[in-house]
Amino acid sequence: MGRRTFMKWSQSLIRTLREAPREAEAVSHKLMLRAGLARKLAAGLYTYLPLGLRAIRKVEDIVRQEMNKKGAQELLMPTLQPKELWEQSGRWDDKELGMLKLKNREEREFVLGPTHEEIITDLVSKEVRSYKELPLNLYQIQTKFRDEMRPRFGMIRAREFIMKDAYSFHVDEGSARKGYQDMYEAYSNIFRRCGLKTQVVEADPGAMGGSKSEEFIALADSGEDIIVSCPQCNYAANLESAQQGDEQLRKSREKMKLLEEIETPGIKTIKELEDFLGEKPEKMIKTLIYSADGKTVAALIAGHRELSEVKLRKNLKCENLEMADERLIEEVTGGPLGFSGPVGLKKVKIIADVGVTKIVNGITGANKQDKHIRNVNMGRDYNPDEVADISYVREGDRCPKCSHELAMRRGIEVGHIFNLGRRYSQSLGAKFLNEKGEETLAIMGCYGIGITRTVAAIIEQNHDENGIVWPMSVSPYQVHIILLNVNSRETVKVADNLYNQLTGEGVETLLDDRDERAGVKFKDADLIGVPLRLIVSPRRVAEKKAEIKHHRDGRELLIAIGQVREKVKELIQENLSSYGQA
RNA sequence: CGGGGUGUAGCGCAGUCUGGUUUAGCGCGCUUGCUUCGGGAGCAAGAGGUCGGCGGUUCAAAUCCGCCCACCCCGACCA
């Protein structure tokens, strides 16, 4: 059991803070600083102090166990990666990964690894020859660098962080599906054992490429992801890719009226239009001009909705998607920015959001300075080239599967599994000979877990007003001995004995042997949040007893000193199994 | 990168608007001594600050002006 270490508080670098630095906003961030788990070096860069590192190692151990159980093998790749491989995969100029590039003295270019598809695929392409050697699942636990545009929420979004990344290689689709399913199960086990409640959602593969991907989201108020889920059926998706149900899209019975041009001096935004005309945004057709891989596209969205660039990009199957600048807008629409509309638009592809089809007598830009048009109707006044789901789901929308009202919640993405297909094996040449002797491209999957972020997520979900409430499985220590009154020789002796006994048995024990008053020690214990607390005081020692307290629910036991060792071990086991410890 | 905000002792803050009376202050923490000792103790004595940086205005700048930097929050990206 456990990591055997000796830790007396008086000799350790455990520094608690009474108040959190102002820069910390998220609960996990505040508590990690206050409880002395980590310290900031610069934005998005943290030093993990001994206590924090222990929690990180605990999570890593769980990850290793569950990965190994599925036959995955651990290896370790370099963080510094040569430009050439990234050019081969076509990702050297990828903007999404936040690559931190650098040159050595010989002007050779490198990137500090934001992810390792290139490296692992290159390795496997060199090592694997035959279908008999597959499938393979290789993983590492390593520091990743992403030059985030905006590090946030402390350890939840850092520039440098620890990640477990796994990559699988398969001979065919069936095997790839099995590999993906294995990881799905491993991930479910890992997060459950970490004491995290997660929700799996459909996601967009984004920069990784590939077909299918799902995210494991830890529900938390300070999460940056918004997830959409159906309380009725099992539908759940990331806001970026959540689909709109059809139910909310009722077409009004209004009769079509004649087109009418109206004066709207300086009125450019939907909000301004709403105030100016006194009409609901639902009646307006917002026209957004985009440049997609050099081609111009007009996206039509109902005024009260927002365009999802992720959905639009997917629909257009384009790499680069940017909003058009004023010059381009004038060129293609003939009118200035803020007055675009679909009527009479000729030179561009028009994609209408599904909701737009239901707008009767809509209001939209006239493609002329200070003019809008009223009573615009699809089919009569304009025809989109395509109708697609390209806007975000909103509060109150219906489930695409069962039409129940959707719920929106915040969460932290702690894990992400992807089916990559042949994208990297293709570009980096990961081929093998199949049974028939034919050269075949491996089908790949990749599976990530943000380790340091997971620790933060655990704290987000496991804390109270006084501090962290660690699940036993990931707590830096299992037992926290609080020695009250270091001036009582007898008490100190008992505490020392218990400490040595427990530590000797592999129980991870922290002994607070500081010369501090009881209140200080209790407050610090509340902050640090070790699940079992053993209180050794002159009062109890006189009775030859000690107190054991459960931090989570405050349950207390009075135990004869001689029986503490057994009881503690029993409680630890009991506690671990409640998180599904293997 | 766009928008908003903050930089004064290790942490939390006041002072800045209305320049000089501040030798730059308060709480917590830190050091020493005495008392106290089951929920962040009391008394006493201390240590600790180029007021984010640079430049300007002024007899005089934490305070006014300019530039820069750092950090935080909201947006686009991700584990």
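The paragraphs below lead through two open sheets, the helices that pack on them, and one helix pair in this predicted model.

We begin with the sheet of 6 strands, which is open, has mixed pairing and follows the order S1-S29-S28-S30-S31-S32. Its edges are formed by strand S1 (7-8) and strand S32 (556-560), and because each of these has a single partner strand, one side of each is left without a neighbour in the sheet. Within this sheet, strand S30 (residues 532-536) and strand S31 (residues 545-550) run antiparallel and are joined by 4 bridges; in one of these pairings, Leu-532 has His-550 of S31 as its bridge partner. Helix H12 (residues 518-528) packs on the sheet, where it touches strand S28 (479-483), strand S29 (509-512) and S30, and its direction makes about 170° with that of S28. A further helix, H14 (residues 564-577), lies across S28, S30, S31 and S32, and runs at about 10° to S31.

The other sheet is also open and mixed in its pairing, with 5 strands in the order S17-S15-S16-S18-S21. Here strand S17 (321-323) and strand S21 (386-388) stand at the edges, and since each has a single partner strand, one side of each is left without a neighbour in the sheet. With direction ignored, neighbouring strands of this sheet are turned by 35° against each other on average. Strand S15 (residues 285-292) pairs with S17 in the antiparallel sense over 3 bridges, and Tyr-290 stands opposite Met-323 in S17. Two helices may be followed across these strands. Helix H7 (residues 309-316) lies across S15, strand S16 (295-302), S17, strand S18 (349-353) and S21, running at about 125° to S17, while helix H8 (residues 326-333) lies across S15 and S16 and runs at about 110° to S15.

Turning from the sheets to a contact between helices, we find helix H1 (residues 27-34) packed with helix H10 (residues 451-461) at an angle of about 100°, their axes being 8 Å apart. Because angles of 65 to 115 degrees count as roughly perpendicular, H1 is described as roughly perpendicular to H10. On the H1 side the contact is made by Val-27, Ser-28, Leu-31 and Met-32, and on the H10 side by Val-455, Ala-456, Ile-459 and Glu-460. Sorted by class, the residues in this contact of H1 with H10 are 6 nonpolar, 1 polar and 1 charged.

Notes: Residues numbered from 1 in each chain as written. Chains lettered and ligands numbered in written order. Predicted model: local features only at pLDDT ≥ 70, side-chain atom pairs only at ≥ 80, totals over all residues. Heavy atoms only, no water. Pairing = 2+ DSSP bridges. Contact = heavy atoms within 4.5 Å. Axes fitted to C-alpha atoms, helices over the stretch in contact; angles between N-to-C directions. Parallel < 35°, antiparallel > 145°, perpendicular 65-115°, else oblique. Nonpolar A, V, L, I, M, F, W, Y, C, P; charged D, E, K, R; others polar.
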